[in-house]
Amino acid sequence: MKPYLALPAMLLTVSCTSSEQRRHLEIMDAIEHAVQIPSGAGPMSQFARTYKYASPTRVVAFYFIPDETTDELFCEGAKEGGPKNGQVLLGCPPPDGMKAGERRWLNNDVFLPDINDGGCNYIDIEYDLKSKLFIRAECHGEA
């Protein structure tokens with residue numbers, strides 16, 4: 001792309017973003033700027049990050065370190081759960097699944113990915129939009 005065409009193209013991209021999408025980006029930025037990653041967890045760049053509303057004033061997030069190798073059986077099983085199954089994000093390769101450093105805002109009807117153990121490879125976050133305080137930001141336990 002010619003340099004003099006780059007700015008109009010960037011502005012067009014920004015102008016196509018809905019106000020709701022911009023609000024989601026602002027919320028994710030605010031959370032990521034303020035969150036204290038629990039002791040024992042790696043840097044933010046290692047995590048794929050999912051967000052959604054828990055209520056009109058609360059956001060829940062699930063951060064996870066994606067597996068380097070895909071478990072095809074797990075991925076196919078997750079896909080059988082339908083488009084609302086957040087386990088697809090956890091267990092499948094991109095573009096369906098997520099890679100380290102990626103973040104996504106999920107529709108309210110999509111379940112966050114979930115796992116019962118895994119220590120600090122998995123972090124649950126809950127954030128209050130009104131008070132701008134974290135209700136929790138904690139690692140999972142160990143099974």
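# A walk from one disulfide to the next

Start by selecting Cys-75 and Cys-92: a disulfide joins the two, S to S 2.0 Å. The word disulfide here stands for a pair of cysteine sulfur atoms within 2.5 Å. Cys-75 sits in helix H3 (residues 72–80) and Cys-92 in the loop between H4 and strand S3 (103–105), so the bond ties together parts that are 17 residues apart in sequence. About the S-S bond you get 110°, and the link is right-handed. Helices (H or I, at least four residues) and strands (E, at least two) are DSSP runs, numbered from the N terminus.

A quick word on what you have open. It is a predicted model, in which local features need pLDDT of at least 70 and side-chain atom pairs count only at pLDDT 80 or more, while totals for chains, interfaces and linings use all residues. Residues are numbered from 1 along each chain as its sequence is written, and side-chain values use heavy atoms, with hydrogens and water left out.

Are these two cysteines buried or exposed? Cys-75 is buried, at a relative accessible area of 2%, and Cys-92 counts as buried too, at 5%. Buried means under 20% relative accessible area, exposed means over 50%, and partly exposed is in between (1.4 Å probe, protein chains only).

**Zoom out to the chain**

Colour by secondary structure and you should find four helices and five strands. Reading along the sequence, the pattern goes α-α-β-β-α-α-β-β-β. Of the 143 residues in the chain, 35% are buried. Switch on the surface: the accessible area is about 8,800 Å², and 54% of that belongs to carbon and sulfur atoms. Areas like this come from the Shrake-Rupley method with a 1.4 Å probe; for residues, only the protein chains shown count as cover.

Now think about contacts, meaning heavy atoms within 4.5 Å. Among those with a separation of 6 or more, 60% are between residues 24 or more positions apart.

**Select the pocket**

Next, pick Asp-67, Thr-69, Leu-90, Gly-91 and Cys-92, which lie nearest the centre of the largest pocket. Cys-92 is the cysteine from your first stop, bonded to Cys-75. In total, 17 residues line this pocket, and its volume is about 230 Å³.

How is such a space found? Rolling a probe the size of a water molecule over the atoms shows where empty space is left. On a 1 Å grid over the protein atoms alone, a cavity is a set of points where a 1.4 Å probe fits but cannot get out, whereas a pocket is an open set with protein on both sides within 12 Å along at least five of seven lines; lining residues have an atom within 4 Å of a point. Grid points are joined across faces, edges and corners, and the volume is the space filled by probe spheres set on the points.

Which element gives the largest share of the lining? That is helix H4 (residues 87–91), with three residues. By type, the lining splits into eleven nonpolar, three polar and three charged residues. Ala, Val, Leu, Ile, Met, Phe, Trp, Tyr, Cys and Pro count as nonpolar, Asp, Glu, Lys and Arg as charged, and the others, Gly among them, as polar.

**Stay on H4, then follow the loop**

Click on Leu-89, found in helix H4. At 7% relative accessibility, Leu-89 counts as buried. Leaving aside residues up to four places away in sequence, Leu-89 touches Thr-50, Phe-64, Asp-96, Gly-97, Met-98, Arg-104, Leu-106 and Pro-113. Try a distance label to Arg-104: 15 residues along the chain, with 9.6 Å between the C-alpha atoms.

Move on to Pro-95, in the loop between H4 and S3. The peptide bond from Pro-94 to Pro-95 is cis, with omega near 15°.

**Finish at the last strands**

Select Glu-126 in strand S4. Glu-126 is buried, at 16%, and its contacts beyond four places in sequence include Arg-58, Val-59, Val-60 and Phe-134.

Then hop to Lys-132, in the loop between S4 and S5. Lys-132 is not a glycine, yet has a positive phi of about 60°. At 60% relative accessibility, Lys-132 counts as exposed.

Last stop: a disulfide also joins Cys-120 to Cys-139, S to S 2.0 Å. Cys-120 lies in the loop between S3 and strand S4 (122–128) and Cys-139 in strand S5 (residues 133–139), so the pair ties together parts that are 19 residues apart in sequence. Cys-120 is buried at 19%, whereas Cys-139 is partly exposed at 22%.
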